[in-house]
Amino acid sequence: MKKILLALAYIIPLLFTSCSREDPNPLIPPPPPQVAFKINEIYSRGDTINPDWIEIFNPSSSQLDISGYKIYDIGGQSGSKPKKLFPSGTKIPAKGFFVVIVDDTTSSGFGLSSSGEQVWLENALGSVIDNVTFPALDVNQSYIRYPDGSSTWLKTDSVTSGASNVLKTNFLIKINEIYSSGTVSNPDWIEVYNLLGSQIELSGFMLYNNDGKSGSKPKKLFPNGTIIPANGFIVMVVDDTTSSGFGLSSSGEKVWLENNSGVVIDSVTFPALGIDTSYARQPDGTDNWIKLFPATKGASNISTVTVNLVMNEIYSRGTAGNLDWIEVYNPNTVQVNLNGYKIYDIGGQSGTKPKKSFPATAVIPAKGFYVIITDTADYSGDLSGFGLSSSGEEVWLENSSGTVIDNVTFTAMSTTQTYGRYPDGSTNWQLLNTITRGGPNQP
């Protein structure tokens, strides 16, 4: 009996070990593999014959079942309507595509906004595996990943429902930067960017605003033989004296770019812009538009100016030979044009007198200084001139867009003192016993 018990004590643990080695829980099957299917193409300009649809891509090398997956827009995401379920038994071939009509008559049907919106793809376990915010599209366009399944999204006029995405070369030419506050010496211009890794000829391409679109004037044609380099830029001055010349509205408007087949390949509605500001894609060629300061005509749209100009030193004890002045400091690594900037005290701030404008040709160097004489009213009849109070007061600096970028309340000072930031551009203001007009401040 003792031998039998000893044998069982030896055999039973082996049986359990063997069972756990083969299947730790044979009653619960492992979950099916979850593949990262991709939303691959979106068509939002459907009609009753060809409704809105979304294409799904299977990036794997095997046919896979997408049963139980769901797709939806904000209605399904918020719960205000059901999510659209893929039919049971739906399979997508290896490296293949499946197109789901979303704008149908079912309770889960949803039309895609012609002005753009966000859509989500959810797997059978209820986890979001992809979501895309698509832009406004023209009737002949779709929004695609290019190549299929990649992270790069682009508009195309080659709609490829249920097939591999293609992109016409000239859709890789984009309006990239717009400058609308031109002068005689620097007229309005539009910059075009080439996303392709090879040069493209732009002969026959055209730029225009609403006048060109309506036919009230000719569209502006790129000169014959114009070549845009690989990943490079071309700037077209649009406000010239030719019949096709057009000034860009300072309050903003829409402009179009058309290829040599007469197909619109890009259009942009830009806002009101200041004298020192452009409207630009950042990074180049993307769908992200920003107001850029300063403009980067013919170059990459990387804004190097990230900090506002500041008032840096103030002198309020002026005399007839040495009038009151305020020094401005540029903390950036590029020079800044001061055309359109203004400076003023309570008179300009309250509107009882004009604000003092900087000279139209004034430029402040990178990491440099610019001194503006403020007390000019009594000596030149300048209505915007203002004397700085010897007992102290508040002054303001605004940029060319009319935004206040700095204001300071300075204290009383003696005839041998100024009130300044130390170090230059810092937040530390103090009375300075060494006057350093137009140069670095000293304590």
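This presentation goes through a predicted model of one protein chain, from its overall make-up to particular residues.

Good morning. I shall begin with the chain as a whole. Its secondary structure amounts to five helices and 33 strands. Of its 443 residues, 44% are buried. The accessible surface is about 21,200 Å², and carbon and sulfur atoms account for 54% of that area. As for contacts with a separation of 6 or more, 56% of them are between residues 24 or more positions apart.

Let me turn to the nonpolar cores. Which residues of the largest core touch the most other members? They are Ile173, Ile175, Ile190, Phe222 and Val255, in a core of 29 residues. Two or more residues of this core come from each of the elements β12 (173-179), β13 (189-194), β18, β19 and β20. Isoleucine 190 deserves a moment of its own. Setting aside residues up to four places away in sequence, isoleucine 190 touches Ile175, Glu177, Ile178, Leu207, Ile234, Val235, Met236, Val238, Phe246, Leu248 and Val255. There is also a second, separate core, which has 25 residues, among them Tyr341, Ile364, Val408 and Tyr419.

Two of the strands just named, β19 and β20, form a hairpin with five residues between them. Strand β19 covers residues 252-258 and strand β20 residues 264-271; the two run antiparallel and are joined by seven bridges. Within this pairing, glutamate 253 of the chain is placed opposite phenylalanine 270 in β20. Glycine 262, in the same hairpin, has a positive phi near 80°.

I now come to a lysine with little accessible area. Is lysine 220 buried or exposed? Its relative accessible area is 5%, and buried means under 20%, so lysine 220 counts as buried. This residue belongs to strand β16, residues 220-221. Apart from neighbours within four places in sequence, lysine 220 is in contact with Phe205, Met206, Leu207, Met236, Val237, Val238, Asp240, Thr242, Ser244, Gly245 and Phe246. One of these partners, threonine 242, is 22 residues away in sequence, and the C-alpha atoms of lysine 220 and threonine 242 are 9.0 Å apart. As for lysine 219, its charged end sits over the ring of tyrosine 208, at 4.4 Å from the ring centre.

That leads to the aromatic residues. The model contains 15 aromatic pairs. In one of them, the ring centres of phenylalanine 37 and tyrosine 69 are 5.3 Å apart and the planes meet at 85°; since planes over 60 degrees apart count as edge-to-face, this pair is edge-to-face. Where do the two residues lie in the chain? Phenylalanine 37 is in the loop between α1 (2-22) and β1 (38-43), and tyrosine 69 is in the loop between β3 (64-65) and β4 (70-72). The pair thus links distant parts of the chain, 32 residues apart. Both phenylalanine 37 and tyrosine 69 are buried.

A second pair has another geometry. Tyrosine 279 and tryptophan 289 are stacked, with 5.0 Å from centre to centre and 15° between the planes. Because tyrosine 279 is in strand β21 (residues 278-281) and tryptophan 289 in strand β22 (residues 289-292), this pair ties together parts ten residues apart in sequence. Tyrosine 279 and tryptophan 289 are both buried.

Finally, some remarks on the backbone. The loop between β21 and β22 holds proline 283, and the peptide bond leading to proline 283 from glutamine 282 is cis, with omega near 0°. A cis peptide bond also joins tyrosine 422 to proline 423, with omega about 0°. Proline 423 is placed in the loop between β32 (418-421) and β33 (429-432).

Positive phi values occur in residues other than glycine as well. Lysine 95 has a phi near 55° and lies in the loop between β6 (91-92) and β7 (97-101). Asparagine 231 has a positive phi of about 50°, and its place is the loop between β17 (227-228) and β18 (233-237). How is asparagine 231 classed by accessibility? Its relative accessible area is 40%, between the limits of 20% and 50%, and therefore asparagine 231 is partly exposed.

With that, I conclude. Thank you for your attention.

Key:
Residues are numbered from 1 along each chain as its sequence is written. This is a predicted model: local features need pLDDT of at least 70, side-chain atom pairs count only at pLDDT 80 or more; totals for chains, interfaces and linings use all residues. Side-chain values use heavy atoms; hydrogens and water are left out. Rings of Phe, Tyr and Trp (its six-membered ring) pair if their centres lie within 6.5 Å; planes under 30 degrees apart count as stacked, over 60 as edge-to-face and the rest as tilted. Helices (H or I, at least four residues) and strands (E, at least two) are DSSP runs, numbered from the N terminus. Buried means under 20% relative accessible area, exposed over 50%, partly exposed in between (1.4 Å probe, protein chains only). A charge sits over a ring if NZ of Lys or CZ of Arg is within 6 Å of the ring centre and within 35 degrees of the ring normal. Contact means heavy atoms within 4.5 Å. Accessible areas come from the Shrake-Rupley method with a 1.4 Å probe; for residues, only the protein chains shown count as cover. Two strands pair if DSSP finds at least two bridges between them. A nonpolar core is a set of buried Ala, Val, Leu, Ile, Met, Phe, Trp, Tyr and Cys residues joined through side-chain atoms within 4.5 Å.
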